[in-house]
Amino acid sequence: MTGSAKHILVVEDEESIRQTLRYNLSHEGFVVTEASTGPEALAAARREHPDLILLDLMLPEMSGLEVCRVIRQEQSVPIIMLTAKGTEVDTVVGLHVGADDYVTKPFSLNELMARIAAVLRRTEMGGREQAPDRDVEEIDNFRIDRGARTVHVDGEELHLAPKEFDLLSLLLLNAGRAQSRQVILQRIWGSRFFGDQKTVDVHVRWLREKFERFDHLPFRITTVFGVGYRIDRLDRASGAT
Ligand code: CA
């Protein structure tokens with residue numbers, strides 16, 4: 001025992017699943033807190049500041065998405081959603097509200113443990129390695145601040161969901177070079193997001209929609225057929241009238 005056991009908040013209204021999770025997570029050395037409703041989950045998150053939250057999508061009183069959205073506004077704790085089989089749309093929306101990963105019920109404990117480990121590893125790496133170079137990037141009327149995680153166009157702040165921000169940031173850091181959907185998934189969602197490449201398309205669509213109303217964006221997100229996406233800088237100087 002290292003004395004720094006990670007603390008996991010389990011939010012699940014089905015008692016049998018909750019108890020199974022508590023038993024197995026405790027067995028793996030995690031400290032576990034349980035909540036069975038959204039309000040309980042919010043209270044526990046605020047009180048205990050867990051290292052990770054397992055959050056059931058289908059909860060009484062307050063949906064898992066709503067819980068996720070509220071927690072996201074208050075803390076940067078990683079969140080893994082527990083979703084029912086076949087809720088693909090809900091899954092994507094769950095990511096849109098800021099979940100870090102999801103598992104589909106019924107899930108194997110091995111799979112869940114692997115995802116927990118991966119999410120915790122990514123979080124720790126992200127915390128330590130906040131690359132200070134290129135923290136702020138300004139192109140004409142566009143400004144991205146990776147430290148503050150803000151984006152401004154024409155001086156106006158654009159509100160991006162966490163994954164939208166990460167996607168934009170990744171594409172900008174690699175401007176002019178195509179990024180495959182697989183690479184984007186690995187870099188932003190983690191390597192275990194195998195086979196869910198539509199998630200990338202959905203987030204690109206959301207990004208495009210958010211930028212759509214600006215006439216003079218200094219870049220565009222280009223679809224690279226059969227591969228993925230690339231950000232192209234637009235050289236407005238040469239095209240000026
Ligand atoms: Ca449930």
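The protein exposes about 12500 Å² of surface, and carbon and sulfur atoms supply 50% of that area. The model is a predicted one. Of its 241 residues, 49% count as buried. The secondary structure comprises nine helices and 12 strands. Among the contacts with a separation of 6 or more, 57% are made by residues 24 or more positions apart.

The interior may be considered next. In soluble globular proteins, nonpolar side chains tend to be buried together. Here the largest nonpolar core has 27 residues, and those with the most contacts inside it are F142, V151, L168, L172, I184, F211 and F219. Two or more residues of this core come from each of β7 (142–145), β8 (150–153), α6, α7 (181–189), α8, β11 and β12 (228–233). Helix α6 provides the largest share, with six residues. Another core, of 22 residues, lies apart from the largest one and includes A45, L59, I71 and I79.

V151 illustrates the surroundings of a residue in the largest core. Beyond its neighbours within four places in sequence, V151 is in contact with F142, R143, I144, E156, E157, L158, L160, F165, L168 and F211. Of these partners, F142, L168 and F211 are themselves listed among the residues with the most contacts inside the largest core.

The helices that contribute to this core also pack against one another. Two packed helices are described by the angle between their axes and the distance between the axes. For α6 (residues 162–173) and α8, the angle is about 85 degrees and the axes are 10 Å apart. An angle of 65 to 115 degrees counts as roughly perpendicular, and α6 and α8 are therefore roughly perpendicular to each other. In this contact, K163, E164, L167 and L168 of α6 meet V200, H203, V204, W206, L207, K210 and F211 of α8. By class, the residues of the contact of α6 with α8 are seven nonpolar, one polar and three charged.

Helix α8 also packs against α7. The axes of α7 and α8 come within 9 Å and cross at roughly 80 degrees, and these two helices are therefore roughly perpendicular to each other as well. On the α7 side the residues are R181, I184, L185 and W189, which meet T199, V200, D201 and H203 in α8. The contact of α7 with α8 consists of four nonpolar, two polar and two charged residues. V200 and H203 of α8 appear in this contact and also in the contact with α6.

The chain beyond α8 can be followed through F214, which lies in the loop between α8 (198–211) and β11 (219–224). F214 counts as buried because its relative accessibility is 9%, below the 20% limit for that class. Residues more than four places away in sequence that F214 touches are V153, D154, E156 and L158. The C-alpha atoms of F214 and V153 are separated by 7.9 Å, although the two residues are 61 residues apart along the chain. E156 and L158, both touched by F214, are also in contact with V151.

A further buried position is found in strand β1 (residues 7–11), which contains H7. With a relative accessible area of 14%, H7 is buried. Apart from neighbours within four places in sequence, H7 is in contact with V31, T33, E48, P50, D51 and L52.

Technical notes:
Residues are numbered from 1 along each chain as its sequence is written. This is a predicted model: local features need pLDDT of at least 70, side-chain atom pairs count only at pLDDT 80 or more; totals for chains, interfaces and linings use all residues. Side-chain values use heavy atoms; hydrogens and water are left out. Helices (H or I, at least four residues) and strands (E, at least two) are DSSP runs, numbered from the N terminus. Buried means under 20% relative accessible area, exposed over 50%, partly exposed in between (1.4 Å probe, protein chains only). Contact means heavy atoms within 4.5 Å. Axes are lines fitted to C-alpha atoms, for helices over the stretch in contact, and angles run from 0 to 180 degrees between N-to-C directions. Angles under 35 degrees count as roughly parallel, over 145 as roughly antiparallel, 65 to 115 as roughly perpendicular and the rest as oblique. Ala, Val, Leu, Ile, Met, Phe, Trp, Tyr, Cys and Pro count as nonpolar, Asp, Glu, Lys and Arg as charged, and the others, Gly among them, as polar. A nonpolar core is a set of buried Ala, Val, Leu, Ile, Met, Phe, Trp, Tyr and Cys residues joined through side-chain atoms within 4.5 Å. Accessible areas come from the Shrake-Rupley method with a 1.4 Å probe; for residues, only the protein chains shown count as cover.
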